[in-house]
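Work through the following exercises with the model open beside you, and attempt each task before reading its solution.

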Amino acid sequence: MSFELPTAHRELLDRARETGEKVRWRAGEADAATDVDPVMREALQASGLVAVTVPASHGGAADTVDPLAVTVVREAFGGVSAHLDSLFAMQGIGSYALSVAGSPRVQEEWLPRVLSVDAVAALCLTEPDVGSDLRSITTTVVERDGELVLDGHKSFITNAPAAAFFTVLAKEEAGFSLVFVPAGTPGVTVTSGPDLIAPHVIGEVRFDGVRVPLDSRVGQPGQAFPLVLQTLATFRVSVAGSAVGLAQAALDEAVAHTTGREQFGTSLARLGPIPQMLGTCWMEVEQARLLTYSAAAKAAADPQGALHWSSMAKVAATETASRVADRCVQMMGRFGVVTGSTIERLYRNARPMRIYEGGNEVLLGQLAKTLTRR
């Protein structure tokens, strides 16, 4: 059995790395931005890599979205810029349900704009009082006078201030539905913030009597959760790819520092506990990478059947990224805590990964249920 990436995916990884290198100079400024950075957006547009987040039937790269392809792109981007990584990933996460179950009108009008990054996508799930327990949401949609009417408040929505449209989870009678809402629709109000420890394009979205056509409903009435689950099954493992990329970048910073700096007549890389710290980081990064590639390959074959593998990879890789980044800061000493340095930015960017796309403790609880149910 081989654990090497297939040739096509290695080539995709190389393409993504080339794109990342072109904008590395901009990473610090972009990762501090609370609106979409134009340099990163233009680079993503020019790369054509968003094609891997949309099915071929709507202009994408493959018949179905390939989680391994998305994962390797995020590995390359995650080591350069959290902003670039998020912009790429959310084009898929925010539009996936539309690709699978959107009306022909919505698909034909909006998916080409997603591919070209002309339209920034956003998925509205969480609310001020609702995080992981999505069945407790209070946003509602009702059918009235031949239209859908949406009311509610969504919070901590990635891309909200820059989004061209929202895919919104709402209660509909006894079930839950997804609704497509263009950002410019009357009754939609978007505010930026809050400020996060790792700056992010994020905001609050209010829907006050928002009216959209009936064909704006995504999928069948009351049947949103299978679509949400399908989205998570396809994209969750890609968070692990981003975490692996970040951990590798942090290790690269530590290796460059410890081999280039001397103390007590020898390089830091040969001094005291530093060799063990470097070796441990390398081992953990490669462990996380192998699990991530394996889980992504399983998800490519059967996304929902492999969701527990995707969850394991997400938890393992994001925990690894936090440990490795912290250890690398320690190895770099006072230089590791300089504001504006690459390692400081990676350190801050690593922390939110353990919370978004499913808090790690929540995912571990779900894994335990899966394990004991068997």
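Angles between axes that are under 35 degrees count as roughly parallel, those over 145 as roughly antiparallel, those from 65 to 115 as roughly perpendicular, and the rest as oblique. The structure examined here is a predicted model.

**Exercise 1.** Classify the mutual orientation of helix H3 and helix H5, and identify the residues that make their contact.

*Solution.* Begin with the geometry: helix H3, spanning residues 38–47, packs against helix H5, spanning residues 82–101, at an angle of about 50°, and their axes lie 10 Å apart. An angle of about 50° belongs to none of the parallel, antiparallel or perpendicular ranges, and H3 and H5 are therefore oblique to each other. The handedness comes next, and the crossing of H3 and H5 is right-handed. On the H3 side the contact is made by Met-40, Arg-41 and Leu-44, while H5 contributes His-83, Leu-84, Leu-87 and Phe-88. Sorted by class, this contact of H3 with H5 comprises five nonpolar residues, one polar residue and one charged residue.

**Exercise 2.** Determine which residue pairs with Arg-289 in a salt bridge, and describe how the two partners are placed along their helix and relative to the surface.

*Solution.* Side chains of opposite charge can pair when their charged atoms come close. Arg-289 forms its salt bridge with Glu-286, and the closest N and O atoms are 2.7 Å apart, a distance to be read against the cut-off of 4 Å. Both residues belong to helix H8, which covers residues 274–301, and because they are three residues apart there, about one helical turn separates them. As for accessibility, Arg-289 is buried, with a relative accessible area of 12%, whereas Glu-286 is partly exposed at 30%.

**Exercise 3.** State whether Arg-26 and Glu-29 are buried or exposed, and name the network of salt bridges in which they take part.

*Solution.* First take the pair itself: Arg-26 and Glu-29 form a salt bridge in which the closest N and O atoms are 3.3 Å apart. The relative accessibility of Arg-26 is 13%, so Arg-26 counts as buried, while Glu-29, at 51%, counts as exposed. Then extend the view to the network, in which Arg-26, Glu-29 and Asp-37 are linked by salt bridges.

**Exercise 4.** Describe the salt bridge between Asp-118 and Arg-113, and give the number of salt bridges in the structure.

*Solution.* The side chains of Asp-118 and Arg-113 meet at an N to O distance of 2.8 Å. Asp-118 is partly exposed, with a relative accessible area of 40%, and Arg-113 is likewise partly exposed, at 28%. In total, the structure holds 18 salt bridges.

How values were computed:
Residues numbered from 1 in each chain as written. Predicted model: local features only at pLDDT ≥ 70, side-chain atom pairs only at ≥ 80, totals over all residues. Heavy atoms only, no water. Buried < 20%, exposed > 50% of the residue type's maximum accessible area, 1.4 Å probe, protein only. Helix = DSSP H or I, 4+ residues; strand = E, 2+ residues; numbered from the N terminus. Axes fitted to C-alpha atoms, helices over the stretch in contact; angles between N-to-C directions. Left-handed = near helix turned anticlockwise from the far one by under 90°. Contact = heavy atoms within 4.5 Å. Nonpolar A, V, L, I, M, F, W, Y, C, P; charged D, E, K, R; others polar.
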